[in-house]
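Hi everyone, thanks for coming. Today I'd like to walk you through some charged side chains and the helices they sit on.

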Amino acid sequence: MVTRAHDPEDSFEGTVDLPSTVDEAAVRRMQFVRRLLDDSVRVPGTDFRVGLDPLLSALPGNVGDVVGAGLSLYIVLESARLGVSFTTLLRMLANVAVDVAVGSVPVVGVLFDAVWKANARNVELALADLAAADESLDSDGDSEAVTIEVA
């Protein structure tokens, strides 16, 4: 088991225990996409952060929503590759669907995209699922440490 601390700019606090088999580079890529789409710029005079997702949502003809959905699906696909459970993947897809559906409503959609932060929710779901899968392996005794004495 590997304990990895999150980047200080991440919205997640503390550390997450992930199996040593989890691709660290993939987790960093997911966090980069999340930060880019949801938290890349701080609103001046506040602690609130927004990303490209609400800006893309403001583009006419729902083109931005489609592009944003495509980028959001990267996190879901990477999570599937890492072994996130089917039910968690469905929850992640529902978050993207809500983001696209409400985000496509003129004016209200831009505000919704700034607050909803589907990508942050999805990265958090994926990391929690991976950590829970590792804990369940530990409780089953499947990943028990073996000590060998060398004389």
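**Salt bridges between two helices**

Okay, so the count of salt bridges here comes to seven. Keep in mind that this is a predicted model. Why would side chains pair up like that in the first place? Well, side chains of opposite charge can pair when their charged atoms come close.

I'll stick with one little group. Asp 23, Arg 29, Glu 78 and Arg 81 are linked in a network of salt bridges. Let's go through it pair by pair.

Start with Asp 23. The side chain of Asp 23 forms a salt bridge with that of Arg 29, at 3.9 Å from N to O. The cut-off is 4 Å, so a nitrogen and a carboxyl oxygen within that distance count as a salt bridge. Are these two residues buried, exposed or partly exposed? Asp 23 has a relative accessible area of 29%, so it is partly exposed, and Arg 29, at 37%, is partly exposed as well.

Now, Arg 29 also has a salt bridge with Glu 78, and there the N to O distance is 3.4 Å. That pair links distant parts of the chain: Arg 29 is in helix H1, residues 24-39, while Glu 78 is in helix H3, residues 63-82, and the two are 49 residues apart.

What about Glu 78 itself, buried or exposed? Glu 78 has a relative accessibility of 5%, so it counts as buried; the cut-off for that is under 20%.

Glu 78 has another partner too. Its salt bridge with Arg 81 brings the closest N and O atoms to 2.6 Å apart. Glu 78 and Arg 81 both lie in H3, three residues apart, which is about one turn of the helix. Arg 81 is partly exposed, at 49% relative accessibility.

Let's step back to the two helices. How do H1 and H3 run relative to each other? Their axes come within 10 Å and cross at roughly 160°. That angle is over 145 degrees, so H1 is roughly antiparallel to H3. The crossing of H1 past H3 is left-handed.

And which residues touch? On the H1 side they include Ala 26, Val 27, Met 30 and Leu 37, and on the H3 side Leu 71, Tyr 74, Ile 75 and Leu 82 are among them. Our network shows up here as well: Arg 29 in H1, and Glu 78 and Arg 81 in H3, are part of this contact. Its residues divide into nine nonpolar, two polar and four charged.

That's my bit, thanks for listening!

How values were computed
Residues numbered from 1 in each chain as written. Predicted model: local features only at pLDDT ≥ 70, side-chain atom pairs only at ≥ 80, totals over all residues. Heavy atoms only, no water. Buried < 20%, exposed > 50% of the residue type's maximum accessible area, 1.4 Å probe, protein only. Helix = DSSP H or I, 4+ residues; strand = E, 2+ residues; numbered from the N terminus. Axes fitted to C-alpha atoms, helices over the stretch in contact; angles between N-to-C directions. Parallel < 35°, antiparallel > 145°, perpendicular 65-115°, else oblique. Left-handed = near helix turned anticlockwise from the far one by under 90°. Contact = heavy atoms within 4.5 Å. Nonpolar A, V, L, I, M, F, W, Y, C, P; charged D, E, K, R; others polar.
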